[in-house]
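Me: I would like a close look at one part of this model. Please take me through the place where the ligand sits, step by step.

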Amino acid sequence: MRWFAPGRANLMGEHTDYNEGYVLPFALAHGVTASVTARPGRHGRPGRMLAMRSKQVPDEPVTVALDSLTPGAVTGWAAYPAGVAWALREAGIDVAGASIDIDSDLPVGAGVSSSAALECSVALALCELSGVTVERRTLAAIAKRAENDFVGAPTGIIDQYAALLCQEGHAMLLDCATLTVTQVPFAPAAAGAAALIIDTRVAHALVSGEYAQRRAQCEEAARLLGVPYLGAVQDPAEASRLADPVLRRRARHVITDSARARAIASALLSGSVPAAGGAEPVPAQAIYRYIGRLLTEAHASLRDDFEVSWPAADVTVEVAVAAGALGARMIGGGFGGSVLALIPVERMAAVRAALTDAFTERGWTPPEFIDAIPSAAARQLA
Ligand code: GLA
């Protein structure tokens, strides 16, 4: 059983998922492949051991007994596949002994959701091995549970939904309050542009305290505003009712970023932009210029209001835009990882060269570039 699950880039809506706001991710062509085979026990009985190996971490095969899986029992990369086996069993699926072999072409800690790709590829492969078909939204919730409760990272639902439900050539608008999905055609090539991921080579770790602290601050801001989640607030002016300047900034980011996700989706769906009156169709170039402006605006919001950016991301956005990108912003949880830029094809080489120069001048490891091609969700491989 071989299953592939993609990483994702998030076009808009960062730190909005756990606030029950909107997100707009698309799946990448890069991802994780999980190959799973049965590992029978003695005398033909179902096996009770899970053996996990990764091509990217060849020195660390990990074997654990399925019956001893409890949160915290496995650490490091193997906590993700082990956590999935645990979460499937918690959901009543009888996962038996298995060998799991992982291969990936996604950078780890780069904000492109290698964790969810790992979880979702393993979840699909283990389900097939167990002879059960689980609806993808249910499987997303199971994979999220593995990450939240077994690995201990208090993340939202965007990554697992993106890995399991995105469509080729589309971004996916997800209302995290109702889990309603709208597929939105996203084809920068139609406007002579392309999306590029710039991995700043500063790795982040979501288990670290900052992510959890942002979450707690958002919950506190929502409580003070008298709403269940910040995603329920539409008007950014509402944030000014918060006396605490930090909570005010956090709330303003969530409200405006969620609105930006919806604004991009509606521009792409309607073929028009608010500046042009909203109803009149405009050329594709105008739509992608508008998206670019919102990307750069969102970066400022993540940097100044939510305070999750890092110096290499700020330099990347500034240099990319100066070299001709339509816009750019950091993606993922922050404190390291990648920037997503929208770049006219004729400026692509110049933007990449300017970034490599800017990093080299500062004595930083040059960035890694990944073509961000809107791709299909997880699938079975032959
Ligand atoms: C990480 C989490 C997601 C989301 C983003 C920020 O990628 O896994 O759930 O919260 O950060 O938008």
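Which ligand atom does a polar side-chain atom of Asp159 lie 2.7 Å from?

Reply: Keep in mind that this is a predicted model. The partner is an oxygen atom of the ligand, and a polar side-chain atom of Asp159 lies 2.7 Å from it. Asp159 uses its side chain here.

Now turn to the backbone. A polar backbone atom of His15 is 2.6 Å from an oxygen atom of the ligand. Gly333 also offers a polar backbone atom, and there the distance to a ligand oxygen is 3.3 Å. On its own, the ligand has 310 Å² of accessible area, and the protein covers 98% of that.

Next, look at the shell. It holds 13 residues around the ligand. Those that come nearest are Glu14, His15, Asp17, Asp159 and Tyr211. Sorted by class, the shell has 4 charged, 5 polar and 4 nonpolar residues.

Where does this place lie in the protein? The ligand sits in the largest pocket. The protein itself is divided into two parts: domain 1 spans 2-182, and domain 2 spans 186-371. Their C-alpha centres are 26 Å apart. Their contact takes 36 residues from domain 1 and 44 residues from domain 2.

Finally, put the ligand back in. Both domain 1 and domain 2 give residues to the shell around the ligand, so the ligand lies between them.

Notes:
Residues numbered from 1 in each chain as written. Predicted model: local features only at pLDDT ≥ 70, side-chain atom pairs only at ≥ 80, totals over all residues. Heavy atoms only, no water. Near = heavy atom within 4 Å. Polar contact = N/O pair within 3.5 Å; in protein donor to acceptor, adjacent residues only side chain to side chain. Areas by Shrake-Rupley, 256 points an atom, 1.4 Å probe, with all protein chains shown as cover. 1 Å grid on protein atoms, 1.4 Å probe; cavity = no way out; pocket = protein on both sides within 12 Å on 5 of 7 lines; lining within 4 Å. Sits in = over half its atoms within 2 Å of the grid points. Nonpolar A, V, L, I, M, F, W, Y, C, P; charged D, E, K, R; others polar. Domains from an automatic or database assignment. Contact = heavy atoms within 4.5 Å.
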